[in-house]
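Visitor: Please pick one part of this model and go through it closely. I would like to know which residues make its contacts, and then how its surroundings are arranged.

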Amino acid sequence: MMPFLFLQSKKADAFSNQVIQRGAVGNDVIELQTRLKNIGFYHGKIDGVFGWSTYWALRNFQYEFGMPIDGLAGATTKAKLVKATKYSAQTQKPPNNSPNNSPNNSPNNSPNHPPAANTPNGFSSNDIQLMANAVYGESRGEPFTGQVAVAAVILNRVNSALFPHTVSGVIFQPGAFTAVADGQIWLTPNQTAKKAVLDAINGWDPTGEALYYFNPATATSPWIWSRPQIKKIGKHIFCK
């Protein structure tokens, strides 16, 4: 994570008093996205539309700063953002005549819009199904955060130069996942596993960019214990 800039913004550039939540549009969302991007949490377009990518960027910010994780930009979250970032309203103008500025034209605007509509970043329905199978086979007894974490590890591997660059390549890499070795990869996943995959695809990584995980109660490989550990979620330890 890049170093934080502890600068107090001028009052004229500060957020309004509204609580910003998914589905919101306008200048407050532009400021939110800009501040989150300034410190490396948000990687999408600064378009003033509070969609899923903004939502998960905000949750990750709240998680890393030890705040209640609710995906809402209320007074406490906004105050923390103002202290941790710099922002100038003069340099961030809403795009003119952009369909994203219209609530009626934004696919992310409806609070009932499912993450599946975002199936982003080039992941196919087959990729999502295969990841759900892997998550279910590997972690169906884990808390929901732990299931998202397993999905996040798969995505982190896809994005890493150390692993294959496809979902199927990562999952079926020899020796990579116990569920493949023992056949549990072919169990029918439930909706929780599918939701965990979609949440991970939409940006939630509770692992802190882990590439590996293991259950310390059952792990037999001395090598996995040598990996730098990041955190424990449920029964799994996640590491680099």
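Guide: Axes here are lines fitted to C-alpha atoms, for helices over the stretch in contact, and angles run from 0 to 180 degrees between N-to-C directions. The model is predicted, so local features need pLDDT of at least 70 and side-chain atom pairs pLDDT 80 or more, while totals for chains, interfaces and linings use all residues. Residues are numbered from 1 along each chain as its sequence is written, and side-chain values use heavy atoms, without hydrogens or water.

The part chosen is helix H4, residues 125-139. (Helices, H or I of at least four residues, and strands, E of at least two, are DSSP runs numbered from the N terminus.) H4 packs with H8 at an angle of about 120 degrees, their axes 8 Å apart. On the H4 side, the residues in contact (heavy atoms within 4.5 Å) are Ile128, Gln129, Met131, Ala132, Val135 and Tyr136. H8 answers with Ala193, Lys194, Ala196, Val197, Leu198 and Ile201. By class this contact has 10 nonpolar, 1 polar and 1 charged residues. (Ala, Val, Leu, Ile, Met, Phe, Trp, Tyr, Cys and Pro count as nonpolar, Asp, Glu, Lys and Arg as charged, the others, Gly among them, as polar.)

A further partner of H4 is helix H5, residues 144-158; the two axes come within 9 Å and cross at roughly 130 degrees. That angle makes H4 oblique to H5 (under 35 degrees is roughly parallel, over 145 roughly antiparallel, 65 to 115 roughly perpendicular, the rest oblique). H4 contributes Met131, Ala134, Val135, Glu138 and Ser139 to this contact, and H5 contributes Gly146, Gln147, Val150, Ala151, Ile154 and Leu155. These residues divide into 7 nonpolar, 3 polar and 1 charged. Met131 and Val135 of H4 therefore appear in the H5 contact as well as in the H8 contact.

Beyond H5 the chain enters the loop leading to helix H6 (167-171), where Pro164 is placed. Pro164 is partly exposed at 26% relative accessible area (buried is under 20%, exposed over 50%, partly exposed in between, with a 1.4 Å probe and protein chains only). Leaving out residues up to four places away in sequence, Pro164 touches Arg157, Val158, Gly169, Val170 and Gln173.

Past H8 (191-201), the loop to S1 holds Glu209. Glu209 is exposed, with a relative accessible area of 63%, and its phi is near 70 degrees, positive in a residue other than glycine. Most residues other than glycine have a negative phi. Pro216 lies in the loop between strand S1 (212-214) and helix H9 (222-225), and is partly exposed at 27%. Its C-alpha atom is 7.1 Å from that of His236, 20 residues apart along the chain. Outside its neighbours within four places in sequence, Pro216 is in contact with Trp225, Lys235 and Ile237.

For the earlier part of the chain, H1 is mostly covered, with 9 of its 12 residues buried. Among these buried residues are Asp28, Glu31 and Arg35, along with Val29, Ile30 and Leu32. Helix H2 (52-64) and helix H3 (75-84) are included in what covers them. Gly40, which follows H1, has a positive phi near 85 degrees. Within H2, Gln62 is buried at 0% relative accessibility. Gln62 touches Met67, Pro68, Ile69, Asp70, Gly71, Leu72 and Thr77, not counting residues up to four places away in sequence.
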